[in-house]
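Here's a quick walk through a protein model, written with the bench in mind. Have a look at the sequence and the fold before reading on.

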Amino acid sequence: MVLDTIQWYPGHMVKARRLVQDNLKLVDMVVELLDARIPLSSRNPNIDDVLGNKPRIIVLNKADLADDSQTEKWKKYFQENNGSICIPLDSQQGKGINSLIGTAQDRADEVNARLAAKGRKPRPVRLMMVGIPNVGKSSLINRLAGKGSARTGDRPGMTRGKQWIKVGKGLELLDTPGILWPKFDDPEIGFKLAVTGAIKDEIINIEQVTLKLLDYLILKYPENLRTRYKLEELEEDPAETLRKIGAKRGCLVMGGNIDTLKTAVIVLNEFRAGKIGLFTLDEL
Ligand SMILES: Nc1nc2c(ncn2[C@@H]2O[C@H](COP(=O)(O)OP(=O)(O)OP(=O)(O)O)[C@@H](O)[C@H]2O)c(=O)[nH]1
Ligand SMILES: [Mg+2]
């Protein structure tokens, strides 16, 4: 098993979802963050129920770590199947941020045009971010809260205690994102979440996850693996491959045996950092 049974999960999930639904009432639209490497597996299974008909922008975050051609396909997929605008993004470097702000701004203009048609005054359009753990919600908020933006307190008469960040003209972002849990019970999804870092390393079996990762890479991207770890020939057996990588990297324990856990940690971290290659695990 890649994952130990997660007992704390249902309670967390209900509480988190309730919080999202409470905050949802305060905003005009939602930015749904997905991991570009696993656009489907990083999606909350009940997202459409949770968000209802709230206007939505889908962001494929960590696009810098994904396969570009797959990201393009996923972008089209979400636009066609979800009717949502979809924007690939790298929140670490800020690539794509302007496109997100521009799109949100356009949506804000639509909201205000509707208000104006009803004879009401324009007002700041508010949005919030939602996504699974570790997808990059805080990074994106920090990016948006950077240059040229200001944190604003709550306006009088509105719900107390919320902090909003001005982004673009007439646009405000709730500074606390909503956490929505992914689906855990499908082992394939569990693997993809674990290998991309969405599930805490403390509750996964790192060696098992890495062996499964090696199995996948041996099958689909053997050249990447050979090049990265300078392997003359590639074994079909992931356990043997792990040992060879360990030997190359000098991961030894007393007596000269390979420290397979240490090796697994290295492989997993290098995979997550995109050093083995840029891959999309949910393929279209
Ligand atoms: N390469 C890359 N890394 C990213 C990107 N966005 C976030 N990260 C990294 O992903 C990790 C998680 O980012 P956070 O912003 O903390 O994610 P979060 O969604 O706020 O996570 P929780 O608060 O735990 O739910 C951090 O190490 C970030 O540096 C991105 O677009 N590209
Ligand atoms: Mg965070």
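What follows covers one strand with its partners, and then some salt bridges.

Keep in mind that this is a predicted model.

**Strand 7 and its partners**

Let's start with strand 7, which spans residues 171-174. In a regular strand, side chains alternate between the two faces of the sheet. Here Leu171 and Leu173 sit on one side, while Glu172 and Leu174 sit on the other. Are these residues buried or exposed? All four are buried, so both faces of the strand are covered.

Which strands pair with strand 7? One is strand 4 (residues 125-131), which runs parallel to strand 7 and is joined to it by three bridges. In that pairing, Val125 has Leu171 as its bridge partner. Another is strand 6 (residues 164-166), which pairs with strand 7 in the antiparallel sense, also over three bridges. There, Lys166 is matched with Glu172. So Leu171, on one side of strand 7, is buried and is the bridge partner of Val125, while Glu172, on the other side, is buried too and is the bridge partner of Lys166.

Strands 6 and 7 also make a hairpin, with four residues between them. Gly168 lies in the turn and has a positive phi of about 65°.

**Salt bridges**

How many salt bridges does the structure hold? The count is 17. Here are three of them, with the N to O distance for each.

| Basic residue | Acidic residue | N to O distance |
|---|---|---|
| Lys25 | Asp22 | 3.4 Å |
| Arg56 | Glu32 | 3.0 Å |
| Arg37 | Asp35 | 2.8 Å |

Take the pair of Asp22 and Lys25 first. Asp22 has a relative accessible area of 40%, so it counts as partly exposed. Lys25 comes in at 67% relative accessibility, which makes it exposed because the cut-off is over 50%.

Now for Arg56 and Glu32, whose side chains meet in a salt bridge. This pair links distant parts of the chain: Arg56 belongs to strand 2 (residues 56-61) and Glu32 to strand 1 (residues 29-35), 24 residues apart. Why do both count as buried? Buried means under 20% relative accessible area; Arg56 is at 8% and Glu32 is at 2%.

These two residues are also part of something wider: Glu32, Arg43, Asp48 and Arg56 are linked in a network of salt bridges.

Finally, there is the bridge between Arg37 and Asp35. Both of these residues are buried.

Technical notes: Residues numbered from 1 in each chain as written. Chains lettered and ligands numbered in written order. Predicted model: local features only at pLDDT ≥ 70, side-chain atom pairs only at ≥ 80, totals over all residues. Heavy atoms only, no water. Buried < 20%, exposed > 50% of the residue type's maximum accessible area, 1.4 Å probe, protein only. Helix = DSSP H or I, 4+ residues; strand = E, 2+ residues; numbered from the N terminus. Pairing = 2+ DSSP bridges. Salt bridge = Lys/Arg side-chain N within 4 Å of Asp/Glu carboxyl O.
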